[in-house]
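This report looks at how one protein chain is put together, from its overall layout down to selected packing contacts. Please keep the sequence and the coordinates at hand while reading.

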Amino acid sequence: MNNLDDIVSLCKRRGFIFPGSDVYGGMAGTWDFGPLGVTLKNNIVNTWWNYWVDQRDDMFGIDAAILMNPRTWVASGHTSTFADPLVECKECHSRFRADKLVDGYSESITTEEFLAQNPVCPVCGKTNWSSIRKFNMMFTTHVGAVTPEDAEGDEAAKELLNRSTTYLRPETAQGIFTNYKNVVDTIYPNLPFGLCQQGKSFRNEISPRDFILRDRECSQLEIEYFVHPDTWSENFDKILEEYRGFLKDKMGLPTEKIHELEVPAEDRAHYSKRTVDIMFDYPNGEEELMGIAYRTDFDLQNIARESGKNMDYRDKNTGETFVPHVIEPSIGVERLFLAVLSTAYTEDEINGEKRIVLRLPENLAPYKFCVSPLLKNKPELVEKAKTVYEKLKAKYTFVTWDDSGNIGKRYRKQDEIGTPKCVVIDFDTLEDGTVTVRDRDTAEQVRVKIEEL
Ligand SMILES: [Zn+2]
């Protein structure tokens with residue numbers, strides 16, 4: 001098992017991921033994707049979109065606004081229940097998520113249960129704790145031209161401020177549910193059908209940690225799959241099976257690193273009859289990669305109640321009218337990114353020399369090919385290599401040029417960023433039109449005609 005620190009180090013060294021606001025000393029719980037990271041991330045997202053939306057007749061895309069009417073979060077329950085247990089050390093005033101300081105407890109931990117474990121403050125080592133209180137994780141913001149300063153002592157401004165308060169969305173799902181009726185009334189899809197969205201969501205985590213696994217700003221890939229209430233069970237199985245295929249075939253995740261966990265009734269949301277958490281063996285242990293939840297008609301009924309609008313679906317063939325039920329597979333892009341990266345990260349030896357190699361699936365690698373002249377001070381080699389580069393770039397897009405250092409150093413670098421093939425132009429190329437193609441995983445080299453690339 002590889003080490004998370006090695007992956008963080010590679011990410012920074014090679015331009016995959018930098019700490020957020022690095023130049024100012026960072027910003028906890030935020031990360032910035034660099035040139036290679038954003039390409040890998042886009043490849044993951046685009047592969048997801050192609051698999052779940054473009055290739056299917058029963059799925060449609062949505063791209064909703066991040067800022068939503070605050071009633072959205074009242075209806076969904078987020079204003080009242082989207083909270084983590086916060087505890088404060090009375091000695092040094094450090095704040096923590098209570099369930100993370102003791103073993104074997106979830107977010108529902110009570111003050112009594114917490115104190116019974118006698119946890120020590122990780123900062124000052126004392127054991128003088130406040131009671132646990134619920135800390136809502138939504139980021140609050142104000143929309144329009146009023147600030148909290150205006151509202152001091154001014155009742156009209158205070159009222160305006162209250163009405164202008166909203167949140168950065170804590171999930172993308174509500175942007176789908178609130179558009180369900182618009183979609184049904186405009187494109188009349190047959191059941192079952194899914195609405196898919198990818199985009200940012202925000203959680204004010206008390207203690208962000210584990211690199212990009214628990215950050216304050218993340219990208220989600222969510223599907224709400226609307227079904228007839230009688231068919232939820234078979235549709236749940238179908239989506240689960242399709243997701244197994246996606247993770248294995250499209251993301252290259254080995255099945256032995258994936259563990260499906262049937263969430264027991266007492267740990268499920270009260271309305272859900274089935275939830276499966278898909279766990280992954282990350283470098284720092286088993287963590288949730290994604291979840292698939294049966295949400296019944298909970299969200300659509302909440303919206304119907306809050307908005308007064310009818311959420312019925314009318315079956316065109318039978319005339320039956322009902323509120324559809326929902327299967328929700330939800331996955332975080334960063335979690336998927338780290339699963340892909342940690343699977344690919346390998347240290348091995350080639351001819352007695354240690355190397356780091358990212359064995360990324362070809363469809364996800366930031367570059368498919370690297371093109372080099374064997375020697376950069378031979379104009380005839382550089383010129384020929386440029387023509388090969390232009391040809392491959394036109395055909396495959398994701399192609400890079402490297403004429404730095406010696407050939408061995410270039411191979412090491414391309415291994416570390418996961419480039420599957422290095423193409424080298426040498427003096428034989430000028431004679432017979434063949435190039436050396438070196439394979440990332442085996443380091444084997446073969447001669448190939450330029451036309452066959
Ligand atoms: Zn303390």
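The sections below go from the whole chain to one sheet and then to one pair of helices.

## Basis of the description

This is a predicted model, in which local features need pLDDT of at least 70 and side-chain atom pairs count only at pLDDT 80 or more, whereas totals for chains, interfaces and linings use all residues. Residues are numbered from 1 along each chain as its sequence is written.

## Overall layout

The protein chain holds 14 helices and 23 strands, where helices (H or I, at least four residues) and strands (E, at least two) are DSSP runs numbered from the N terminus. Its C-alpha atoms fill a box of roughly 80 × 70 × 50 Å along the principal axes. Of the 453 residues, 32% are buried, that is, 20 or more other C-beta atoms, placed from the backbone, lie within 10 Å of their own. Among contacts (C-beta atoms, placed from the backbone, within 7 Å) with a separation of 6 or more, 63% come from residues 24 or more positions apart.

An automatic or database domain assignment divides the chain into domain 1 (4-66 + 175-343), domain 2 (79-165) and domain 3 (367-452). The C-alpha centres of domain 2 and domain 3 are 55 Å apart.

## A five-stranded sheet and its helices

An open sheet of five strands follows the order β20-β19-β21-β22-β23 with mixed pairing, two strands being paired if DSSP finds at least two bridges between them. At its edges are β20 (399-401) and β23 (445-449), each of which pairs on one side only. On average, neighbouring strands of this sheet are turned by 30 degrees against each other, direction ignored. Strand β22 (residues 434-439) runs antiparallel to β23 and is joined to β23 by five bridges, with T434 standing opposite K449 in β23.

Helix α12 (residues 379-396) packs on the sheet and touches β19 (369-373), β20, β21 (421-425) and β22, its direction making about 165 degrees with that of β19. Helix α13 (residues 407-417) lies across β19, β21 and β22 and runs at about 160 degrees to β21. Such angles run from 0 to 180 degrees between N-to-C directions, and axes are lines fitted to C-alpha atoms, for helices over the stretch in contact.

## Packing of α2 against α11

Helix α2 (residues 35-54) packs with helix α11 (residues 333-344) at an angle of about 110 degrees, their axes being 10 Å apart. The two helices are therefore roughly perpendicular to each other, a term that covers 65 to 115 degrees. In this contact, L40, K41, I44 and V45 of α2 meet V333, L336, F337 and V340 of α11.

Definitions and conventions
Buried ≥ 20, exposed ≤ 12 C-beta atoms within 10 Å, placed from the backbone. Contact = placed C-beta atoms within 7 Å. Parallel < 35°, antiparallel > 145°, perpendicular 65-115°, else oblique.
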